[in-house]
Amino acid sequence: MLHLHDVTRTYQSGSTTLTALDRITLGCQRGSWTAVMGPSGSGKSTLLNCAAGLDSPDTGQVHLDGRDIAGLGDDVLTRMRRTDIGFVFQQFNLVAALTATQNVMLPLRLAGRKDAGAVAVDALSTLGLGSHLDHKPRELSGGQQQRVAIARALATEPSILFADEPTGALDSASAGTVLDVLRELVDERSQTIVMVTHDPAAAARADHVAFLRDGRLVTTLSGADTGRIAATLAELETLR
Amino acid sequence: MISLALRTFADRWQLFVGTVLAVTAGVAIVHAGMTIILGVEGAVPPSGSTPAEAEAFQQAASGASTLTGMTVMLGAFLTIFVVGSTFNFAVDQRRGDLAILRLGGVTSRQVCRLLLAEALITAVIGAAVGGLLGVALTGVQSRILASLGTFPEELATPVRPAILVLDLVVAGVVCLAGAWGGARRATAISPLDALRRTHDTQRVMTVRRWIVAAVAVALTAVQTYFSATTGGMLIPLLLGLGIVITASVAMSRLSPLLVPAVALVLMPWARRSPVADLAVANLRDAIRRTASCAAPMIVLVSLVMGLQGILDTQTEASATEATQLLDADLVAQGEDLDLEAVDAIDGIALAAPETVVPLAIRLTSGGMTTNGPGTVVAVDPEAFGATHRQRPDSGDVAEFGPDGVVFGPGLDSTMIRGHYDEIALEVDGETVSLREAARMGRPWPGATASISTARSCRPRCSTGRPPFSSSWSPARTPGSSGSGSPRRERRTC
């Protein structure tokens with residue numbers, strides 16, 4: 001489904017070159033949920049951005065559904081974001097001027113779907129937002145906004161869903177609800193999810209956890225519980 | 001994109017208020033200006049007017065057209081500038097929102113179309129409100145011009161459907177032109193901008209900005225040079241306007257450098273108050289936002305001060321020209337001056353009358369007849385030659401006699417050129433042929449333009465505004481026909 005091969009990404013800061021990703025090779029199978037963890041500045045978000053086509057690696061390849069997206073043009077990547085790639089972010093990133101339904105409809109309408117309205121209503125209702133269809137983001141709670149964002153991301157039935165700290169701005173109850181939704185998507189719809197998180201409890205809901213440090217992939221765990229994930233993370237923090 | 005633009009407009013209306021107000025004001029100014037200009041275009045004097053009254057009517061109409069044309073031009077320039085600045089500001093403030101759209105699958109071209117659609121919505125609202133305001137402004141402007149003597153009071157300015165259509169066209173052009181820069185910049189917004197916690201790390205003084213500023217500074221320097229070396233009234237006036245426009249464009253482009261520099265100067269005083277300290281710190285930090293806010297103010301203040309400077313300079317130049325070109329100890333100006341009484345005063349060696357007449361000289365060359373430029377001034381030929389220092393470019397002032405004409409001073413070769421087959425003046429219904437005696441040319445910058453004729457007496461004045469009333473009453477003057485002679489100002493030297 002998703003395969004990063006020898007991906008490197010650097011940034012210039014004055015006269016200093018910062019290596020955000022250093023020859024990362026990582027694979028995510030279809031229908032799996034992969035969490036990416038690591039200390040601050042380890043390259044988690046940069047990995048997500050390169051995997052999603054939002055950023056271009058300096059070297060290496062990013063294969064999404066068998067297609068190398070690393071060198072694709074902006075318009076092609078934009079069209080992929082309408083249909084093949086979904087995003088969920090910590091700050092929700094909803095369009096303030098649109099209602100919940102209109103936010104979910106936006107990528108569908110851009111993709112030319114005639115049933116955008118019906119699909120949007122169905123997606124929101126499935127996530128328990130049937131009574132908030134005409135509410136604008138500022139009229140919704142954090143958890144509700146995040147569920148709208150998830151509905152928007154899933155409405156086009158993307159091949160893969162990228163989530164960057166999806167529970168970071170939520171209280172524990174709302175966070176739990178969102179994680180339940182994601183788990184259900186993986187189990188019932190075989191949705192592929194790649195999630196960046198700093199929360200061991202959130203990572204424990206995933207199938208696999210990949211740990212980064214200083215732009216390098218250090219280790220991966222599969223089926224680990226919260227304690228083991230937290231211990232591995234603490235070890236990485238200590239080694240810094 | 002239209003529906004998204006409408007929703008964004010309704011939701012974020014606070015960002016568009018300034019633009020709407022600017023477009024409304026600009027449309028109102030253009031509406032009023034064009035209504036007046038079209039009203040005077042082809043206007044005919046009231047029936048029953050004497051030739052002098054008809055000429056006064058035409059001169060007032062011409063003055064109104066010129067003055068209003070300037071107002072329209074400056075109003076349109078300022079509106080485009082303000083719209084451009086406010087749109088740039090709005091794009092910067094909405095960078096995150098636009099990045100979210102990019103994240104959701106909106107292409108950069110669609111973002112551009114979205115912003116242009118918002119510009120068109122602004123244009124429609126501005127045209128509607130501005131048109132209504134323009135109708136009211138037309139009346140106000142007409143009254144102001146009439147009080148200045150540059151508008152025929154008898155001229156009506158009805159609402160024209162064509163002007164209402166023009167309102168929409170002007171609003172559309174202004175908004176699209178003003179929004180184009182911001183819309184083009186918005187295409188560079190990356191989806192990643194939606195994820196970044198700190199925005200606007202881009203350099204403000206881009207290469208394009210430096211180039212525009214450099215070109216504007218160069219144009220300002222060139223115009224400044226030529227304005228100091230070019231004579232006459234019209235060309236320096238136009239150059240002055242050009243200087244104001246290009247200088248204000250230069251300063252607005254350099255505002256990201258100028259505003260923080262001014263803030264730095266204010267810092268010693270700002271540190272006395274935490275609020276002032278914070279304000280100065282914001283000025284120095286949020287450079288792009290500060291520059292967008294400062295640019296329209298820079299342009300507005302430049303226009304106001306520049307125009308005042310131009311008018312003051314022209315007035316001063318006219319006064320200087322009068323003292324330099326005349327060999328006289330005293331210049332008296334007024335209405336109904338008794339020349340014989342002035343002649344009789346002890347110590348007065350010579351009283352040289354100059355009277356501006358509201359008449360037009362017709363020049364015929366190669367079968368084509370045109371009205372001569374400048375104003376017609378009636379003089380005593382001998383007194384004229386004795387009191388005017390300037391030597392003619394061609395001809396001989398000594399040849400200036402009854403039924404003669406001297407072109408200038410102030411009329412250069414661009415206004416009076418070549419040989420004229422016939423020079424005629426219409427006086428009280430009678431066509432009088434005049435003989436050219438001399439052409440004074442353009443002696444010094446700022447010299448006024450006038451055509452001197454020995455036919456009847458009128459005081460001399462600068463182009464565009466005769467300093468006399470438009471009514472007529474009998475009076476005796478040297479060389480006049482004696483019938484229906486005007487009440488007039490006289491200036492004696």
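Buried, on this tour, means under 20% relative accessible area, exposed means over 50%, and partly exposed is anything in between (1.4 Å probe, protein chains only). By that rule, 49% of the 493 residues of chain B count as buried.

Before you start clicking: this is a predicted model, where local features need pLDDT of at least 70 and side-chain atom pairs count only at pLDDT 80 or more, while totals for chains, interfaces and linings use all residues. Residues are numbered from 1 along each chain as its sequence is written, chains are lettered from A and ligands numbered from 1 in the order in which they are written, and side-chain values use heavy atoms, with hydrogens and water left out.

**Stop 1: chain A as a whole**

Select chain A and switch to cartoon. You should find eight helices and ten strands; helices (H or I, at least four residues) and strands (E, at least two) are DSSP runs, numbered from the N terminus. Of its 240 residues, 55% count as buried. Chain A exposes about 10000 Å², and carbon and sulfur atoms supply 45% of that; accessible areas come from the Shrake-Rupley method with a 1.4 Å probe, and for residues only the protein chains shown count as cover. Take the contacts (heavy atoms within 4.5 Å) between residues at least 6 apart in sequence: 67% of them join residues at least 24 apart.

**Stop 2: the six-strand sheet**

Still in chain A, pick out β6-β7-β8-β3-β9-β10, which form an open sheet in that order with mixed pairing. Two strands pair if DSSP finds at least two bridges between them. Look at β6 (85–89) and β10 (216–222) of chain A: they stand at the edges with a single partner strand each, so one side of each has no neighbour in the sheet. From one strand to the next, the twist averages 20°.

Now zoom in on β3 (residues 33–37) and β9 (residues 208–213) of chain A, a parallel pair held over four bridges. Label A:Val36 and you can find its bridge partner, A:Ala210, in β9(A). Next, bring up helix α1 (residues 44–51) of chain A, which packs on the sheet and touches β3, β7 (160–164), β8 (192–196) and β9 of chain A. The helix direction makes about 155° with that of β7(A); axes are lines fitted to C-alpha atoms, for helices over the stretch in contact, and angles run from 0 to 180 degrees between N-to-C directions.

**Stop 3: the four-strand sheet**

Select β2-β1-β4-β5 of chain A, an open sheet in that order with antiparallel pairing. The edges here are β2 (16–28) and β5 (67–68) of chain A; each has a single partner strand, so one side of each lacks a neighbour in the sheet. Nine bridges join β1 (residues 2–13) of chain A to β2(A). For a landmark, show A:Tyr11, which stands opposite A:Leu18 in β2(A).

**Stop 4: over to chain B**

Hide chain A. Chain B has 13 helices and eleven strands. Its accessible surface comes to about 23100 Å², 63% of it belonging to carbon and sulfur atoms. Among the contacts in chain B with a separation of 6 or more, 80% are between residues 24 or more positions apart.

**Stop 5: a buried strand**

Go to β5 (residues 375–379) of chain B. Five of its five residues are buried, so the strand is largely enclosed by the rest of the structure. B:Thr375, B:Val377 and B:Val379 sit on one side, with B:Val376 and B:Ala378 on the other. Strand β2 (residues 354–357) of chain B pairs with β5(B) in the antiparallel sense over four bridges, and one spot to label is B:Val356, whose bridge partner in β5(B) is B:Val377.

**Stop 6: two residues on one helix**

Select helix α11 (residues 287–325) of chain B, where you'll find B:Val304 and B:Gln314. B:Val304 is exposed at 53% relative accessibility, whereas B:Gln314 is buried, with a relative accessible area of 14%. Leaving out residues up to four places away in sequence, B:Gln314 touches B:Met233, B:Pro236 and B:Leu237.

**Stop 7: a glycine to finish**

Finally, find B:Gly131 in helix α5 (residues 108–147) of chain B. B:Gly131 is buried, at 5% relative accessibility. Set aside neighbours within four places in sequence, and B:Gly131 is in contact with B:Val27, B:His31, B:Gly126 and B:Asp167. Draw a C-alpha to C-alpha distance from B:Gly131 to B:Gly26: 9.8 Å in space, with their positions 105 residues apart in sequence.
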